[in-house]
Amino acid sequence: MVLKSGLVQRTWTVLEEKGIPYQYVEVNPYHKPESLMKLNPRGLVPTLQYDNKPLYESTVIAEFLEEAYPDHGSRLLPPDPYQRAISRIWTDFVSTRVIPSFQRFLQFQSNESNGSIEEVRDEFLTTLKEFTKAMDKDGPYFEGENPALVDINMAPFALRLWVFDHFKGGAGIPSEGEGGDSEETWSRWRKWLSAMENRRSIKETTSEREHYVPIYQR
């Protein structure tokens, strides 16, 4: 796995959250070892080896671990089939809406043909607000009192919002009391983010910021 990858952190956090024994192997993404390529010819991370068989794609691995180890640690999907489906909808929203807008914002380079940084920032903030409005009212987590896979899938990218301060002049999330008509939404976001930042499994799978900066400079 690659320590700096948000997708890797998803898998690692599930392993920690559920208390599943594992061996962590870090790889250089620019010099992929033969051991990884044998498991996954595309060389993608994270890649999980289970019973000498490979699995990849972080959301697939997360659900697999939940199903394969139901008696380990926290349950990360709701028991009700309808609520599981809703959870998957918002996990998909993170993958198809939040992460692409995060990447567009981070990679934005101003020129005459691609609009302004304000536009890509607003697009990103809109996805965050939409995600937040779908949260359980009281929380602190997305589905209520306990963390779920949707929280874990979102957390690595929420925890990296500081990169916009470093490279883009700020993410644009208003400070407490300055959210205007959206203050209730941003207050709920801050509550969720604080809960995730203080979660042991998140702390133990997050590196110091200086390790991430060279990655985002590329």
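User: In this predicted model, how many residues lie between β1 and β2 in the hairpin, and which residue in the turn has a positive phi?

Analyst: Strands β1 and β2 form a hairpin with two residues between them, and in that turn D51 has a positive phi of about 55 degrees. As a general idea for reading the strands on either side of a turn, side chains in a regular strand alternate between the two faces of the sheet. Here β1 covers residues 47-50 and β2 covers residues 53-56, and the two pair in the antiparallel sense over four bridges. Within this pairing, Y50 stands opposite K53 of β2.

User: How should I read the packing of two helices, and at what angle do α1 and α3 pack?

Analyst: The idea is to take the angle between the helix axes, where values under 35 degrees count as roughly parallel. For α1 and α3 the angle is about 10 degrees, with the axes 9 Å apart, and the two helices are therefore roughly parallel to each other. On the α1 side the contact is made by L7, R10, T11, V14, L15 and K18, and on the α3 side by S58, T59, I61, A62, L65 and E66. These residues divide into six nonpolar, three polar and three charged.

User: Which residues make the contact between α4 and α6, and how do the axes of those helices cross?

Analyst: The axes of α4 (residues 81-107) and α6 (residues 149-158) come within 9 Å and cross at roughly 10 degrees, which makes α4 roughly parallel to α6. The contact is made by S87, W90, T91, V94, V98, I99 and F102 of α4, together with L149, V150, N153, M154 and F157 of α6. In this contact the residues divide into nine nonpolar, three polar and no charged. The spacing of such residues can be read with a general rule: an α-helix has 3.6 residues a turn, so residues three or four places apart point the same way.

User: How many residues of α6 are buried, and what do they pack against?

Analyst: A residue counts as buried when its relative accessible area is under 20%. In α6 ten of the ten residues are buried, so the helix is largely enclosed by the rest of the structure. The buried residues of α6 pack against α1, α3, α4, α5, α8 and α9.

User: Is S101 in α4 buried or exposed, and what does S101 touch?

Analyst: S101, which has its place in helix α4, counts as buried because its relative accessibility is 0%. Not counting residues up to four places away in sequence, S101 touches E123, F124 and T127.

User: What span should the 15 residues of α8 have, and which of its residues are buried?

Analyst: At 1.5 Å a residue, the 15 residues of α8 should span 21 Å, and the end C-alpha atoms are 21 Å apart, which agrees. The buried residues of α8 are E183, T185, W186, R188, W189, W192, L193, A195 and M196, and what covers them includes α5, α6 and α9. T185 has a relative accessible area of 13% and is buried; leaving aside its neighbours within four places in sequence, T185 is in contact with K129, T132 and K133.

User: What does E183 touch, and how far is E183 from F64?

Analyst: E183, also in helix α8, touches S175, E176, G177, E178 and R190, not counting residues up to four places away in sequence. The C-alpha atoms of E183 and F64 are separated by 37 Å, and the two residues are 119 residues apart along the chain.

Conventions. Residues are numbered from 1 along each chain as its sequence is written. This is a predicted model: local features need pLDDT of at least 70, side-chain atom pairs count only at pLDDT 80 or more; totals for chains, interfaces and linings use all residues. Side-chain values use heavy atoms; hydrogens and water are left out. Axes are lines fitted to C-alpha atoms, for helices over the stretch in contact, and angles run from 0 to 180 degrees between N-to-C directions. Angles under 35 degrees count as roughly parallel, over 145 as roughly antiparallel, 65 to 115 as roughly perpendicular and the rest as oblique. Contact means heavy atoms within 4.5 Å. Ala, Val, Leu, Ile, Met, Phe, Trp, Tyr, Cys and Pro count as nonpolar, Asp, Glu, Lys and Arg as charged, and the others, Gly among them, as polar. Buried means under 20% relative accessible area, exposed over 50%, partly exposed in between (1.4 Å probe, protein chains only). Two strands pair if DSSP finds at least two bridges between them. The expected span of a helix is 1.5 Å times one less than its number of residues.
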